[in-house]
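Work through the following exercises with the sequence and the model open side by side. Each task is followed by a solution that goes step by step.

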Amino acid sequence: MESTSPTQEFDAAVERCTGGIMEFFAKLNGTGGEKTYEEVSAMLDKFDEFRAAIENSVRRKTAAWLRPWNSLAPAHKLPIEILQLTFHSVLFASSGRRCRHYVTRLTVLRSVSSIWRDVTDRTPSLWNQLSSQDHIDFVSEALSKSQNYSLQLKFVGALGSAAPSLFLDSAFLHLDRWEAVAIHDPNGLLMDRYLASPAPRLKRIVVSTRTGYIMFGDGIPAPLFGGELAGLEEFRAVRWKYMDWANVSFHRLRVLEIEDYFSLDMEKLFSILAENLDLRTLRIDAITFSEGFNPQKVPEPLILRSLTHFTFTKTAKLVEDGTQVDDVPVLQMLKRVQMPACTFFSVDFGVGHAASLREICNFMPSPIEIFQRRGGSQGSRAEPPTARITFQAGWFQCEALGSSRLAHQYQVVVRGLGEPSDRSEEWTRREFVDAWAERPKPDIQLQYLVDEELLQLDKVFNMQDIENVVELDVTGCPNANRLAQRLATPVTSDSGTVIGPFLGLRTLRFSNCDLDGAEVLRMVQDRFARVTKPTIIARQSTTGGNHAIPTEGGITIILGEGMDRFPQSIAREIRETPGVKQLMLYSDLPPTDDSSSSSSEESAWSLHASDMSDVISNDSWYYYRV
């Protein structure tokens, strides 16, 4: 008799199991006889459900079968406290918020062995962060297993729906344990039923809507949690039009964020700050302040000694004739509030005249102050930041990035300048050149969006003598051949020393500039022949050992959008020019991908107002009782 191989036996076993499954399905649903298209389609849907149920059953039985062997693994000899710490690191990010696929990870941990299942089930802190998009069975079990632990809850409603919420129905039975609550787009019925009663442990609230209005319910919703908010430590509101700011009272705030609100009384905001001098984060964005009362005598400044994060952006104030002014709120805020510990500063405002800009700049903290504090808070000397400075007609932006270069720590955006102001250039020199005279200077990246009618080409060269400008980015220059000529023409001081243009340049980028390949090649050859020879650079007495002066590694040239329409032979000559480190063409540049910021280990379950989203990560379908 011919013997069979293990592979053949395996295949035969699979066929027998498949045949048995199909036979059982046929008995349950009747697959014989003639059927209509609709009947066949319905039968296939039932088969998909049948197959999913089998997979679920196999997964449960496999987990039960593996548990005795898993229990023998060396990891099970660890003390329970070590296992609990390990599970916490798997399920929660360093911020304390639960990770992506939290429910899936928790389910897998419980499936490993009876010992791990027992440890997870007996650790209440693993079960106290719940979302309305978690499966209701998981929510019910988590509410039980979290015992008396404080709860962190997130509810995301359906816009335009008056449907009840099983999630809030279950969580409301544990109102006395609510510690942190994030509510997005609730309807009025849910507000009145679940969010109008005091919650004694409540410390953190996020409330937000997409439209600014609560639908359904009887008129204006009742005050949040009965108006008893005095003990809150964090309050964040995004497009929440129903806040009764006139009567609200806080006494223990550490975080206050208000976004997109019309007619907020600025004096009320100052009174809140005065009652919460230990505030650490203040974020005011897209707020229009009411006309209010302007005292004849300026009150004493409020000193917020613990404030580290300050954001005051896109604000305006109503005036008597019904119009709005953009520079008054930020000026009043900077006059009234002092922040000696601030390590993150961001303002975005419009100005009506140069005098207003000058006064605002005088009250803003200096970037060097911010970065010195950051160095001190980290127990080391502050590293110089990288400053991205953008000039456009009527618009100026400065972003100073820390050592990670991933996000700004200092930002100033000024709108409504009209004719580009020399004041912004003076401020840039003062804050990123002169202020760093006794320490390594920041790298400066300059960007100009040129329009000859509004922002003229000459503006590009107003700071050509600054040695720590390491990157120059010019976009949309219609008279670019003159730009190329000036970049290749030495600029000397009265003593004959070469001081420009841009001796420290390491990156040069053009986009949508009227330059052909031959002009770029000529500019590069002339520049390295006449401006930045190593022998010339070595003679400069003004470098002072500045790391920004380029080495023989040369300059990277980037030709962005609309700039690579020339023969490859020209590109080759540019690359081979002594002094050129690299040539990058638009067709070779990697696509801009903003999704990288969302790859964080933290889930979209977040108690930050800026993180509230219409789409919330949900993996609770994977939750099984294993």
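**Exercise 1.** How many cavities of 30 Å³ or more does a search of the whole structure find?

*Solution.* The model is a predicted one, in which local features need pLDDT of at least 70 and side-chain atom pairs count only at pLDDT 80 or more, while totals for chains, interfaces and linings use all residues. Residues are numbered from 1 along each chain as its sequence is written, and side-chain values use heavy atoms, with hydrogens and water left out. A cavity is a set of points, on a 1 Å grid over the protein atoms alone, where a 1.4 Å probe fits but cannot get out, and its lining residues have an atom within 4 Å of a point. The search returns 6 cavities of 30 Å³ or more, and the largest has a volume of about 80 Å³, a volume being the space filled by probe spheres set on the points, which are joined across faces, edges and corners. Among the residues lining the largest cavity are Asp-185, Pro-186, Asn-187 and Tyr-213.

**Exercise 2.** Determine how helix H5 packs against helix H3 and against helix H4.

*Solution.* Helices are DSSP runs (H or I, at least four residues) and strands likewise (E, at least two), numbered from the N terminus. Axes are lines fitted to C-alpha atoms, for helices over the stretch in contact, and angles run from 0 to 180 degrees between N-to-C directions. For H3 (residues 80–91) and H5 (residues 114–121) the angle is about 75°, with the axes 10 Å apart. Angles of 65 to 115 degrees count as roughly perpendicular, under 35 as roughly parallel, over 145 as roughly antiparallel and the rest as oblique, and H3 and H5 are therefore roughly perpendicular. Ile-80, Leu-83, Gln-84 and Phe-87 of H3 meet Trp-116, Val-119 and Thr-120 of H5, contact meaning heavy atoms within 4.5 Å.

Helix H4 (residues 102–112) packs with H5 at about 135°, the axes being 5 Å apart, and these two helices are therefore oblique to each other.

**Exercise 3.** Which type of aromatic pair do Phe-87 and Trp-116 form?

*Solution.* Rings of Phe, Tyr and Trp (its six-membered ring) pair if their centres lie within 6.5 Å, with planes under 30 degrees apart counted as stacked, over 60 as edge-to-face and the rest as tilted. The structure holds 19 aromatic pairs. Phe-87 and Trp-116 are 5.2 Å centre to centre with 65° between the planes, an edge-to-face pair. This pair links distant parts of the chain, with Phe-87 in H3 and Trp-116 in H5, 29 residues apart.

Terms used:
On a 1 Å grid over the protein atoms alone, a cavity is a set of points where a 1.4 Å probe fits but cannot get out, and a pocket is an open set with protein on both sides within 12 Å along at least five of seven lines; lining residues have an atom within 4 Å of a point.
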